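Hello,

Here is the structure I promised to pass on to you. Please have a look at it first, and then read my notes below.

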Amino acid sequence: MLGSLEKRILSVLFKEKKVTARDIFRKLRAEGIAITYVTVNTVLSRLYKRGMVNRITEPYRGSFRYTYEYKDLKEELINDLLGDVNLLFGEEGIDLLKVKLDAEKGTEKMVVKEKNIPISDSAPMRISLSRNKIQNSIIKKIEDISGQKVLSCYQCGKCSAGCPMVTLMDLLPNQIIRLVQLGQIKDVTDSKTIWLCASCFSCTARCPKGVDLAKVMEALRLLILRKSTNYIEPSELDIDENLPQIALVSNLRKKTG
Amino acid sequence: MKRIGVFVCHCGLNISETVDVKKVVDIISKHPNVAYAVDYTYMCSDPGQEMIKSAIKEKKLDGVIVAACSPTLHEITFRNAIATAGLNPYQFENANIREQCSWVHKDKNTATDKAVEIINSMIEKLKLNQSLTAINIPITKKALVIGGGISGMQTALDIANSGYEVLIVEKTSSIGGRMSQLSETFPTLDCASCILTPKTVEVGHHPKIKLLTYSEVEEVEGYLGNFKVKIRKKAPFVDWDKCTGCGLCSEYCPTKVPSEFDRNMGTRKAIYIPFPQAVPKKPVIDSKNCIYFNTGKCRLCEKQCPTGAIDYDQKETFLKENVGVIIVATGFDLLSKENIGEYGYGKYKDVIDGLQFERLLSASGPTAGKIKRPSDGKIPKEVVFVQCVGSRDPEHGMPYCSKICCMYTAKHALLYKHAVHDGQAYVFYIDIRSGGKGYEEFVQRAIEDEKIVYLRGKVSRIFLDSGDDGKLIVWGVDTLAGKKIEISADLVVLAMAAVPNVGVKELAKKLKISTDAHGFITEAHPKLRPVETLTAGIFLTGCAQAPKDIPETVAQASGAAARAITFLSKSELEMDPLISTVDEEICAGCGVCVEVCAYKARELNEIKKIAEVNEALCIGCGACISACPSNASIHKNFTKEQILRMIEEVT
Amino acid sequence: MELCYYPGCTLKTTAKNFGIPAIASIEKLGHKMVELPRWNCCGTVHSLASDDLIHQLAPVRTLIRVLETRKDKVVTLCAMCYNTLKQANKIILEDTEKRDRINNFLDEEKNYSGNVSVVHLLEFLRDEVGFDEIKNKVKRPLNGLKLSPYYGCLLLRPEGIGIDDSEAPQIMEDLITALGGEAVDSPFKSECCGSYHTVDDIEPVIERTKMIIDDSNSRGADAIVVGCPLCFYNLDYRQLDTKEKYKEFSSIPVFYFTQILAIALGLDETICAFDDHFVDPRPMLLNKKLVLSG
C-alpha cells in the first residue's frame, strides 16, 4: 500500500491538483514536518514510476522542470484497501469496517487520542497555571530521565545564544526548559526544537547554573520515543552510500523509538 | 547555707509545652539550698527582671538561677539585672532547659525530670561559685584603619573628628581607592574626583590623622584596647620629606610601562605619581622596570630632581604602633577577564571591563575622556555592554550577585551616548537590580531618553570577525522576543564580578578574623552586627565585607566608626573574669601551660618560678586546665570540684 | 610501543582514508596500532538518559575487551567513539551504584571498574610522542600550507571529556605547525557541523557547512583539517548540497589530520585515498608541491 510520507504528499496533490516538488516541499515544511527536498523529489519520482501521479515536463529558466498532476485513484485505492481487509480478516473484517464507518459518520476525525500528556490551553498564547500543572508527574519524569533539576535554570538565555541550530527552531532552548518548568509539556513535545537539537553540548558547557540542557532535550525526545513512536521513518530515508555509519546510527538512536 | 532563688521560665510555649514548669518549681522549692522558687512566662522581659530584683531584696538571696534558654542569649542581661539589685553578678547561673531539654525531647515526663536534674546540677555549681569582679584594662585611644579608599577615609574622619588619633595604612602610594579611578558616579553623575578630593585633602591635612601610604600591615598582636601592630613601610626610593611633588622626575624618565591605575589602558613611567590628585603627591620608583635598578645606568630622575630627593639606596622600614581598635577597609577588585574563555580569555583588545571603560571616560584618563577603541583609536559606534560576567555563575565563576554592575552599566551606556551621539549602546542583562534611591529612575532614563537597547539574555560567545576592521561578533539572545541576537560590535564592555582585593586572605590570618569562601571578611552577624567581626576590637567596612555602592559604603564606614568610638570613648575596658588562675602553692613552674596556650596568655615568672596568667589575654578556653599535670591551673567558677559535683548530680 | 586501537564501524568502511594513514603514520613514528580483537560497536552516541543503563553496556564491553589485551589504554580516532567510550568510562568511575549494576548485568564478563583510560590519537601525539619529536621526523614539510583546524563538538565537550580547552583549543594547531603548515584560526572551529541531521534533514547542515567554510575561506585557508568522520562528511560531501542552495558558495578541500600527518612524514599519498573525497584536494596539493600527481 502507501507509506505515510507518500500519503502526505498525495494529500497535498489532492488539494492543489497541479504542483511542483518544490511547492510540496515548502507546504510540508510549513506544516512543521521535518523533511528534505531531496526526499520529496525521490518519493514523487517513485510514485510516478508506479503510475500514481501524472508528470509533465515544463520549460523553466533555460532548462526544464517537472510538474505533478493529481490522478484520481479513489476507485483503485479503496478497492485495494477492501481487498487487504478481506485478505487479512475475511468477512469479520468487512463487517467491522461497516460498523466503524456507521459509528464515525458525522464525526470529523477518526484519530487516536493521546494519553498521559497534559493538554495545554486551547488558546496558544495563554497559560492557566495551577498546582496540578506545576507539581506534575511528567516534570518529575523528565527530571528522573535527565538527572537535572529544571528549576535550577534562571532563564539567562546563554544556551539559546550559543546554540548552533537555534536559527531554524520554533522555540528557543531556554523557552523549552521554561515551558517544562511551567508544566506546558505538550507545547514542548510538539515543537521542532527538540528534534533540531544536535546534542553538541554547547549549552551544557556554558550554563552558569550547571544545568545539562542536552540531557533535558534528550529526556523530552525520549518521552515520545519511548512510546515506540518514531520521529522519522527509517524506511523513508534516502541513504547515500558515502554516509558514515555513525551518522545513520546516531540519527536513528536520537529520532526513533 | 546558700539561699538560692530559682526562676523557671516558660519561654512562651517553648519550654512549658514540653516541661511541666509548675511541677519543676514544686520539686525545686523543696531543695535545702533553695530559698525561693517561682515560674514566669518570659523571664528575659522587663517584669521578669523586676521579679528577680525584688526577690533578691525581699528573700535575701545570695545566688540566682534562671532556668530558661541558652546562656548565649541572655546571660549578660540577667547578670546585669542582679548586679543592679546589689548581688555579685557571678553568683548567677543559667540552667539551659530549652535547647538542651524542651526542644529535644517529646515526652513530658522525661523532659520534666531532666529539667529538674539540670537545675539541681546548676545549684551544685552555684554553691561553690566565688564572687568575682570584672577585670579592667586600659584602652589605647587610637584607631588603625587598613585601607585608604572612601570607606577607610570616612571612618578615619569620623573617628578623628571625635577627638581620637587615627592611623591609616594604605598599600598603594596614595589614598583615594577605587573612587579615584571613576569618572562619574551614579545616579547623580557627579564627577568622582570632585566629590572625592575634598575628603582626601581633609584626610591629608587632618591634625589627628597620620597617613602611612605605600605601607602594609606586617604583624598584629594583642587584643581590644591594646593591639600591637608592626607596619612595613615599603621603600619608594624617594625621600618624601624632601620631595615637593613637582613631577620633573616623571617627565624625564625614559621608561614607559602599562599603568595599573589606568588598568593597562595607558602607560606610566618607571618613576611615577599614580594620578594628579594623589595624596600624598609623592612619586615611587618601580624598581622592576627602572633602568637603573636593572642595569645601573640612567639616573635621569636623580639628575633632574631640584631638591635631591631621589635615594636609590633607601630601605624599607618597620614601625610599631599601639592602637585600641582596628578597622578593615580593604575594598575590592574586579575578576580578571582572562578567566572567561567564551569571551576570548582577555586577549581581544576591544573587549574591556568596567573599570577600564571608566578610565576611557575619565577626563584625566589615557584618552583624555574620549571614547576610543583600544585597538585602533577609532570612535566606536556600536558598543555592547554585558552584565553578570562571572557573577551569578556558580558553575564557572562567583555564585553571588556583584550588586553594583546593573547601575554602573546603565551609567556607562548613558555616558557613552552623551559622548557619541550617533552611536548605539546595547546592554545584555538577566535582571536589573536598581534598588537604591533614584536608581530605578536612572535606569529608565537611560533606556527611554538615551534609547539604549536592553536585551534580556546572556552572551554565549564573543569573537573577532574575519574582516580588516577588527569588529567583534557578539552572539547573545533576547529571551523576551524569543530570538537569537547577533551584533557586530566595535567595543564590548564586560561587567566583571567584584572580588575582594588581593592579599586580604593573608591579612585576615594576621588579624585572626575569618573570611568566607570568596575572601570577603565575615561579619559578626549578617543582620544585626554588620560592621564588626567576631574578634573584639576589629571592625570592617565597605567592599571588604561584600560588594556595595558608595552611599552604602559611606554609611557603613560611619557605622564602623561609631562602633569603634563606643570603645575608644571609655576610659577602661571591662573584661570577663571567668578565666584561669594559678594556685601558687601547687604550681611547680613546669611550663606546659605556656606551650599549650593559643592566646599567649601564660608566662613563667622567673623569680617566683611559677606560671602566671595575663588576665587581659586569657579568654578562658580551658586548655591549660586540662594540660596542667599538677592541678595547679584553676578555672574561676569552673573548678574541677564544681564540675564533678554537677556530674554526680545528674548521674 | 604497541597501542590498543579501537577503530569503530566507520573507520573500517566509509572512513578508511582516516584510519589507514593513521596506522601508517604511527608506524613511521616508531609505534604500532594493534586493532582490538572482538570489538563491538560503541553505540555512536552517549545515552543522555540518566535512568537507563542498557546503552552503557556496549561501550563498557569494549573497555573490558581492552583489559583482556592486558593494556590499560585504548586509542581511538573517531570522535564519536572517543566521546561515547570516555563518557561511559566516567560513569563507571564516578557512580558506584551504576557501576555495580552494570557489572552484575554483564555477569559473563569480568568486572570493570574504570581502569582503562580512553585516549584520542591527537592526545597520544601530543602527550606521548610530542610535537617536537614529530617535527623531527617530518620528511615533506607542508611548506606553509594554510590549514584551518576544525574540531567539531565531541572532541571538546562536555567539560572533563574534551581533549583540550573547549573555548580555545590548540592541539590541532600545534600539530599543523609541527608539520610545517600554517594554522589558520577560525572562531567556528568548535561550532557544531550539524552532526547526524545530515541523514534526514540537511537544511541545518547546509547552513552550518556554509558558515564554517565561508569563514575559513575568508581567512585565506587552503584547506580544512578535521578529526571526525561525520564532520568530514558534512564539510566535504555536503558541499554539493550547499552549492545547490547558495550559488556563490566557494568550495574548499577537507583533510583528516592523519592524512596531512602521513603526507608530512613522507608516506605514499595513495594510502590517503584522496579519490574518495568529494572535493579533490590533489590539484591544490600539487600546486603546493606536496604530492607527486594530481
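Let me start with a small puzzle: which residue of β7(C) does C:Leu147 stand opposite? The partner is C:Ala223. Before going further, please keep in mind that this is a predicted model.

**The strands around β7 of chain C**

C:Ala223 belongs to strand β7 (residues 223-226) of chain C, where C:Ala223 and C:Val225 point one way. C:Ile224 and C:Val226 point the other way, and all of these residues are buried. In a regular strand, side chains alternate between the two faces of the sheet. Strand β5 (residues 146-150) of chain C pairs with β7(C) in the parallel sense, over 4 bridges. β7(C) also pairs with β8(C), again in the parallel sense, over 3 bridges. Within β8(C), C:Tyr256 is the bridge partner of C:Val226.

**Helix α2 of chain C**

β8(C) turns up again here. Helix α2 of chain C covers residues 16-28, which is 13 residues. From first C-alpha to last, α2(C) reaches 18 Å, close to the 18 Å expected at 1.5 Å a residue. The buried residues of α2(C) are C:Asn17, C:Phe18, C:Gly19, C:Pro21, C:Ala22, C:Ile23, C:Ser25 and C:Ile26. They pack against several elements of chain C: α1, β2 (32-35), α6 (121-129), α10, β8 (254-256) and α12 (257-264). Just after the helix, C:Gly30 takes a positive phi of about 95°.

**Where the chains touch**

How many residues does each chain give to the contact between chain C and chain A? Each side is listed with its own count: 37 residues from chain C and 37 residues from chain A. On the side of chain C, the elements that give two or more residues are α1 (9-12), α9 (202-218) and α10 (229-236). Of these, α9(C) supplies the largest share, with 5 residues. By class, this side of chain C has 18 nonpolar, 10 polar and 9 charged residues. As you saw above, α1 and α10 of chain C are also among the elements that the buried residues of α2(C) pack against.

The contact between chain B and chain C takes 6 residues from chain B and 7 residues from chain C. The chain B side is made up of 3 nonpolar, 2 polar and 1 charged residues.

**The nonpolar cores**

The largest nonpolar core has 275 residues. Those with the most contacts inside it are B:Ala143, B:Ile327, B:Val492 and C:Val225, so named residues from chain B and from β7(C) both appear in that list. Helix α12 (residues 405-419) of chain B gives the largest share of this core, 9 residues. Leaving aside neighbours within four places in sequence, B:Ala143 is in contact with B:Ile159, B:Tyr164, B:Val166, B:Val323, B:Gly324, B:Val325, B:Ile327, B:Ala564 and B:Leu568. A second, separate core of 42 residues includes B:Ile15, B:Ala81, B:Phe92 and B:Ile123.

**One residue in chain B**

Is B:Met575 buried or exposed? B:Met575 counts as buried because there are 20 C-beta neighbours inside 10 Å, and 20 or more is the cut-off for that class. The residue sits in strand β30 (residues 572-575) of chain B. Beyond its neighbours within four places in sequence, B:Met575 is in contact with B:Ala134, B:Ile135, B:Ile137, B:Glu615 and B:Ala616. B:Glu615 is 40 residues away along the chain, and the two C-alpha atoms are separated by 8.4 Å.

**Chains A and B as wholes**

- Chain A has 13 helices and 3 strands, and its C-alpha trace spans about 60 × 55 × 35 Å along the principal axes.
- Of the 257 residues in chain A, 33% are buried.
- The domain assignment splits chain A into domain 1 (4-69) and domain 2 (131-226), with C-alpha centres 35 Å apart.
- Chain B has 18 helices and 34 strands, and its C-alpha atoms fill a box of roughly 95 × 70 × 40 Å along the principal axes.
- Of the 651 residues in chain B, 45% are buried.
- For chain B, the domain assignment gives domain 1 (4-127), domain 2 (235-313), domain 3 (332-499) and domain 4 (579-635); the C-alpha centres of domain 1 and domain 2 of chain B are separated by 70 Å.

Happy reading, and best wishes

Definitions and conventions
Residues numbered from 1 in each chain as written. Chains lettered and ligands numbered in written order. Predicted model: local features only at pLDDT ≥ 70, side-chain atom pairs only at ≥ 80, totals over all residues. Contact = placed C-beta atoms within 7 Å. Nonpolar A, V, L, I, M, F, W, Y, C, P; charged D, E, K, R; others polar. Domains from an automatic or database assignment. Expected span 1.5 Å × (residues − 1). Buried ≥ 20, exposed ≤ 12 C-beta atoms within 10 Å, placed from the backbone. Core = buried A, V, L, I, M, F, W, Y, C linked by C-beta atoms within 7 Å. Pairing = 2+ DSSP bridges.
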